[in-house]
Amino acid sequence: MQASTTNDWVVAGENLTKIYPMGKWQVHALNGVSLRIAAGEVVAIMGPSGSGKSTLMNILGCLDRPSSGSYFLDGELVSSLRDDALARIRGRKVGFVFQSFNLLPRISALENVELPMRYVGNGGRARRQRAQAALEAVGLGDRLHHKPTELSGGQQQRVAIARALVNDPAIILADEPTGALDTRSGREILDLLLQLNRERGTTIILVTHDPTVAGRAQRIITMCDGKVEGAVA
Amino acid sequence: MNLAQALIEALRSLTVNKLRSALTILGIVIGVAAVIAMISLGRGLQASVSEQLSGVGSTTLVVFSAPDPGIRFPKPLTMGDVRALSDPLQAPDVLAVAAQTIGSATFSFGSKTQTQNFYGVTANYFSINNLKLAEGEALKEEHILGQSAVVVLGPRLAKSLFGRQTGLVGEMVHIEGQPFRVIGVLKPAGNSISFTDTDNAALLPISLVHARSVRSPRDTVDFVTVQVRSAGRVKQATEQVRQVLRVRHQTPVGMNDVNVFVPQDMLNAINQIMVALTVFLGGIAAISLLVGGIGIMNIMLVSVTERTREIGLRKALGARRGDILLQFLAEAATLSLMGGVLGIVLGWLIGVVFGYFAKASGTTLVPQIGLDAVLIATLFSSAIGLFFGFYPANRAARLQPVEALRYE
């Protein structure tokens with residue numbers, strides 16, 4: 001059973017820990033976290049600040065490595081990969097949506113969406129078409145050549161979602177995706193994410209401390225003091 | 001990400017901070033321009049010196065009397081010595097020998113009277129010294145044998161005596177009261193290091209000068225120009241000339257009473273000095289290029305810090321170390337390459353302006369920019385960009401994505 005579990009889950013973390021040295025002390029940001037997320041799930045990770053949810057998100061997004069434990073993403077053991085291999089995994093399997101959008105301000109929406117394909121090596125004309133399709137999927141087909149500064153916050157976050165989608169990732173990690181938006185745009189963004197989940201079956205992990213956001217997820221994982229509270233499904 | 005993409009992106013991000021990029025480029029421009037200007041002027045100087053000295057062939061020796069201090073009764077060079085040196089049995093590497101005496105006399109034409117230099121020369125003096133005629137003809141063997149009262153004028157002497165340089169053939173000029181017929185006028189030969197300035201002298205048959213000479217012996221020769229069989233035989237010919245004259249003049253062993261001057265040696269020495277000068281000036285100029293490179297490094301470090309979040313984002317989107325390294329190296333290289341190209345143009349302009357001023361003050365100095373100098377400057381400035389860009393780019397490439405994304 002143990003062996004097959006890692007293959008059936010998109011995300012499978014076993015006993016993950018993260019220890020930061022802080023001078024003489026060691027801070028245990030993650031203290032033995034195990035979690036599994038199935039393909040097509042929408043999961044919210046909640047918890048107060050300092051609970052370790054950012055650390056967990058960094059590890060799940062392959063931005064960082066756990067100090068110990070093993071992490072399988074889409075069936076691949078990634079917890080011990082080197083920097084460049086990890087970068088490759090991020091490019092192919094993870095789509096990020098940040099609270100502050102993190103678009104490059106000087107290039108158009110289309111070019112922002114093309115960016116991840118460039119690093120993964122999807123070339124040429126297909127790249128432009130895919131970027132365009134992704135922007136159309138998030139409802140920005142008429143804003144291809146606008147620069148981020150010419151778009152509203154909600155529109156910018158849509159560009160960011162298109163960028164996260166474009167490489168067909170195994171998971172989309174959304175870190176407080178509505179945090180910088182007004183209520184209405186925030187709701188629209190959540191609607192969009194859930195719609196993408198329904199239509200494409202993309203696994204979505206929402207990291208948030210907002211209960212109304214978490215309430216839209218199928219399942220909530222609550223973090224406290226570097227541990228997962230309650231049961232792991 | 002490929003190189004072309006990286007360069008396009010580099011150009012775009014450099015246009016964001018136009019003033020900053022322009023100032024950074026300026027540092028490189030000044031450096032490259034200084035190097036190019038110095039090298040081109042140095043080369044121009046070298047070329048102009050070589051050209052001025054080119055009247056002297058690489059196979060020419062000049063022999064003149066210069067007795068060592070220990071020689072008690074030095075013998076002057078004579079026509080006998082000239083004949084001996086012309087003998088292939090005695091000096092096999094000598095091709096031809098021209099003799100020349102030097103004197104000054106009163107020249108008069110019409111009401112004008114001037115004291116001018118004259119050279120008594122043999123007929124082959126013209127060909128050995130590479131003298132060309134603007135009009136008329138050179139002295140010939142028959143003039144020498146016949147001690148003819150004919151003269152070939154140097155262009156500057158002609159100008160000062162007649163007020164013109166053309167249409168002089170057939171004119172009569174009085175030298176020390178004796179009438180001489182002008183048979184030719186020389187083309188300007190420029191400066192030379194053969195001790196004689198044919199531009200400002202009159203050439204007479206040496207036989208005539210000797211016939212009227214009061215020197216002892218009468219057929220004393222001041223300079224003997226020796227043409228060597230080939231450039232590779234100059235050393236041997238020099239030794240043969242010395243040996244022939246040592247025997248004829250009965251010079252004590254280990255002493256010389258003549259100096260055999262090799263113009264080519266001097267030319268080489270001057271060229272060496274010029275090359276050293278060019279390298280020296282270019283080296284000093286290269287220091288400013290170095291300063292320009294430090295400017296690039298400085299600005300790239302600022303840029304990396306400013307764009308930490310962007311780097312974090314790119315890494316989150318899958319950029320590997322190499323991608324980030326390439327991105328920032330491309331920016332540094334673009335800065336320095338643009339600086340290099342502009343610097344070459346500016347350096348060339350500086351050279352031209354300098355050359356123009358030099359011309360205005362009477363020196364011919366044509367700055368010379370070879371393809372090699374341009375290539376070296378381009379390569380060197382790109383290398384500077386890459387060298388000084390590497391540290392900042394590597395710093396960017398090594399940023400951890402988590403920390404870079406958190407950076408405010």
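**Exercise 1. Find the residue just after helix H2 of chain A that takes a positive phi, then work out how enclosed the helix is.**

Step 1. Walk off the end of H2(A) and you hit A:Cys62, which has a positive phi of about 60°. Helices here are DSSP runs of H or I with at least four residues, strands are runs of E with at least two, and both are numbered from the N terminus.

Step 2. A quick word on what you're looking at: this is a predicted model, where local features need pLDDT of at least 70 and side-chain atom pairs count only at pLDDT 80 or more, while totals for chains, interfaces and linings use all residues. Residues are numbered from 1 along each chain as its sequence is written, and chains are lettered from A and ligands numbered from 1 in the order in which they are written.

Step 3. Now the helix. H2(A) covers residues 53-60, and eight of the eight are buried, so the rest of the structure largely encloses it. The cut-offs: a residue is buried with 20 or more other C-beta atoms within 10 Å of its own, exposed with 12 or fewer, and partly exposed in between, with C-beta atoms placed from the backbone.

Step 4. The buried residues are A:Lys53, A:Ser54, A:Thr55, A:Leu56, A:Met57, A:Asn58, A:Ile59 and A:Leu60.

**Exercise 2. Lay out the open sheet of chain A and say which strands stand at the edges.**

Step 1. The sheet has four strands in the order E2-E1-E4-E5, with antiparallel pairing. Strands E2 (25-38) and E5 (76-77) each have a single partner strand, so they stand at the edges with one side lacking a neighbour in the sheet. Two strands count as paired if DSSP finds at least two bridges between them.

Step 2. Zoom in on E1(A), residues 9-22: 11 bridges join it to E2(A), and the two run antiparallel. A:Pro21 stands opposite A:Gln26 of E2(A).

**Exercise 3. Which three strands of chain B pair with E8(B), and in which sense?**

Step 1. Take E5(B) (residues 133-136): it pairs with E8(B) (residues 178-186) in the antiparallel sense over three bridges. B:Leu133 has B:Leu186 as its bridge partner.

Step 2. Next is E6(B), residues 150-153, which pairs with E8(B) in the parallel sense over four bridges. There, B:Val150 is bridged to B:Arg181.

Step 3. Finally, E7(B), residues 172-175, pairs with E8(B) in the antiparallel sense over four bridges. The bridge partner of B:Met172 is B:Arg181. In the hairpin of E7(B) and E8(B), two residues sit between the strands, and B:Glu176 takes a positive phi near 50°.

**Exercise 4. Describe the surroundings of B:Thr78.**

Step 1. Place it: B:Thr78 belongs to strand E2(B), residues 77-78. With 19 other C-beta atoms within 10 Å, B:Thr78 is partly exposed.

Step 2. Skip the neighbours within four places in sequence, and B:Thr78 is in contact with B:Pro217, B:Asp219, B:Thr220 and B:Val221. Contact means that the C-beta atoms, placed from the backbone, lie within 7 Å.

Step 3. B:Ser216 is 138 residues away in sequence from B:Thr78, yet the C-alpha atoms are 9.9 Å apart.

**Exercise 5. How spread out is chain B?**

Step 1. Chain B has 13 helices and 12 strands. Its radius of gyration is 33 Å, well over the 22 Å that the globule rule gives for 408 residues, so the chain is more spread out than a compact globule. That radius is taken over C-alpha atoms, and the rule is 2.2 Å times the number of residues to the power 0.38.

Step 2. Along the principal axes, the C-alpha atoms fill a box of roughly 105 × 55 × 35 Å.

Step 3. Chain B splits into domain 1 (3-53 + 267-406) and domain 2 (67-256), with bounds from an automatic or database domain assignment. The domain centres, taken over C-alpha atoms, are 56 Å apart.

**Exercise 6. Which helix gives the most to the side of chain B that touches chain A?**

Step 1. The contact takes 15 residues from chain B and 18 from chain A.

Step 2. Helices H1 (3-16), H10 (308-316), H11 (321-360) and H13 (401-406) of chain B each supply at least two residues of that side. H10(B) gives the most, with four residues.

Key
Two residues are in contact if their C-beta atoms, placed from the backbone, lie within 7 Å.
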